[in-house]
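Please examine the structure displayed below together with its sequence. The report that follows describes selected residues, their surroundings and the site of a bound ligand.

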Amino acid sequence: MSVSSSKPSEPPPGARPDWTIDQGWSAYTPDEHAVWMTLYERQSALLSGRACDAFLNGLDALDLHRGGIPDFERINEELTRLTGWSVVAVPGLVPDEVFFEHLANRRFPAGRFIRRADQLDYLEEPDVFHDVFGHVPMLTDPVFADYMRAYGQGGLRALGLNRLHNLARLYWYTVEFGLIDTEAGLRLYGAGIVSSRAESIFALEDASPNRLGFDLERVMRTPYRIDDFQQIYFVIPSLDALLAATLSDFGPIYGRLAAASDVAIETVLATDDVITRGTQAYARARAMAAQ
Ligand code: PHE
Ligand code: FE
């Protein structure tokens, strides 16, 4: 599930007032379970040595491969024991305030449908593979779990202050597309990356994108792309550092952002902590091809 989704304002028929529905685990077909298993096996093989330890440990702790698409009730037992989080099923994208309200209460809203076997590599709306395989392992980490809860509270606040477009970029460049520096080298933790075969490789190995040290205000000034690989990734030094950087009051930052301009997506500033300066060759080739 991503932030800043939109949005009818009433839950669809059959959903509860908080937009949750039953997962209906027994209704999945053998073909649907097989899609999960294919994706699971492909990604878990790719991610050892690429995803960070928190993600890989979470994947193990939740035993997400047992019996196909996970039953939320089963994974919630372990998840709640570890960090107080649970996964709830929703019919699709939910309004921003509903999404933040769930996060602020340590509930992660997840789609229950799964992509078709001919859509393994790309789909527009988050499905149960993106939401559960991509997001839930990190929620077993106590520090990341606290970050996500704080983000929910911050989201409600940003909505009231009209700065959600800035805060959504923080979600995008951390929760969805974040990289982390480790002793062994750069590793993945963003759900949008770890649930995508091609971007799991691109984000770490391709010469095209810029990779910059995480800076909160810089992130909130940087637009992102939703239709292709990222042109820029932000690298956190640790999960503790991410949480520490976001616990401060964003009020003064929002004040400054209201007067600051956005930074164009391919730009590297003199003040940036450059980890890799990208060639942008991939983005340029794609732009040419689209002309
Ligand atoms: N500290 C932020 C605020 O004052 C809230 C927040 C925490 C936002 C963590 C995102 C992540 O609004
Ligand atoms: Fe997501």
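In this predicted model, Phe55 touches Leu47, Phe133, Gly134, Pro137, Met138 and Val194, when residues up to four places away in sequence are not counted. Phe55 lies in helix H2. One of its partners, Gly134, is 79 residues away in sequence, yet the two C-alpha atoms are 8.9 Å apart in space. Phe55 counts as buried because its relative accessibility is 0%, and buried means under 20%.

Phe55 also belongs to a wider assembly. The largest nonpolar core has 82 residues, and those with the most contacts inside it are Trp36, Phe55, Val132, Phe144, Met148 and Leu170. Helix H7, which covers residues 164–176, gives the most to this core, with seven residues. In soluble globular proteins, nonpolar side chains tend to be buried together.

Leu170 links the core to the ligand site. Leaving aside residues up to four places away in sequence, Leu170 touches Tyr147, Tyr151, Val175, Phe214, Leu216, Val219, Met220, Thr246 and Phe250. Leu170 is also among the residues that surround ligand 1, together with Tyr147, Ala150, Tyr151, Gly154, Arg157, Leu167, Thr246, Leu247, Ser248, Asp249 and Phe250.

Which helices each supply at least two residues of the shell around ligand 1? They are helix H6 (142–161), H7 and helix H11 (239–247). H6 gives the most to this shell, with five residues. By character, the residues of the shell divide into seven nonpolar, three polar and two charged.

Polar atoms of ligand 1 lie at short listed distances from atoms of Arg157, Thr246 and Phe250. An oxygen atom of the ligand is 2.5 Å from an N or O atom in the side chain of Arg157. A nitrogen atom of the ligand lies 2.7 Å from a backbone N or O atom of Thr246, and an oxygen atom of the ligand is 2.9 Å from a polar backbone atom of Phe250. Taken alone, ligand 1 exposes 330 Å², and the protein buries 92% of that.

Charged residues can be described in the same way. Arg50 lies in the loop between helix H1 (30–47) and helix H2 (53–62). Arg50 is classed as buried because its relative accessible area is 19%, which is under the 20% limit. Beyond its neighbours within four places in sequence, Arg50 is in contact with Arg187, Leu188, Ser200, Ile201, Leu204 and Glu205. The C-alpha atoms of Arg50 and Asp146 are separated by 24 Å, and these residues are 96 places apart along the chain.

Asp228 lies in the loop between helix H10 (216–220) and strand E6 (232–236). With a relative accessible area of 15%, Asp228 is therefore buried. Apart from residues up to four places away in sequence, Asp228 touches Tyr282 and Arg286.

The table lists polar contacts between side chains for Arg50 and Asp228.

| Residue | Partner | Distance |
|---|---|---|
| Arg50 | Glu205 | 2.9 Å |
| Asp228 | Tyr282 | 2.6 Å |
| Asp228 | Arg286 | 2.8 Å |

Ser86 is found in strand E1, residues 86–90. Is Ser86 buried or exposed? Its relative accessible area is 17%, so Ser86 is buried. Leaving aside neighbours within four places in sequence, Ser86 is in contact with Asn76, Leu79, Thr80, Arg106, Arg107 and Phe108.

Notes
Residues are numbered from 1 along each chain as its sequence is written. Chains are lettered from A and ligands numbered from 1 in the order in which they are written. This is a predicted model: local features need pLDDT of at least 70, side-chain atom pairs count only at pLDDT 80 or more; totals for chains, interfaces and linings use all residues. Side-chain values use heavy atoms; hydrogens and water are left out. A nonpolar core is a set of buried Ala, Val, Leu, Ile, Met, Phe, Trp, Tyr and Cys residues joined through side-chain atoms within 4.5 Å. Buried means under 20% relative accessible area, exposed over 50%, partly exposed in between (1.4 Å probe, protein chains only). Helices (H or I, at least four residues) and strands (E, at least two) are DSSP runs, numbered from the N terminus. Contact means heavy atoms within 4.5 Å. A residue is near a molecule or strand if one of its heavy atoms lies within 4 Å of it. A polar contact is a pair of N or O atoms within 3.5 Å; within protein, one must be able to donate a hydrogen and the other to accept it, and residues adjacent in sequence count only if both atoms are side-chain atoms. Accessible areas come from the Shrake-Rupley method with a 1.4 Å probe; for residues, only the protein chains shown count as cover. Ala, Val, Leu, Ile, Met, Phe, Trp, Tyr, Cys and Pro count as nonpolar, Asp, Glu, Lys and Arg as charged, and the others, Gly among them, as polar.
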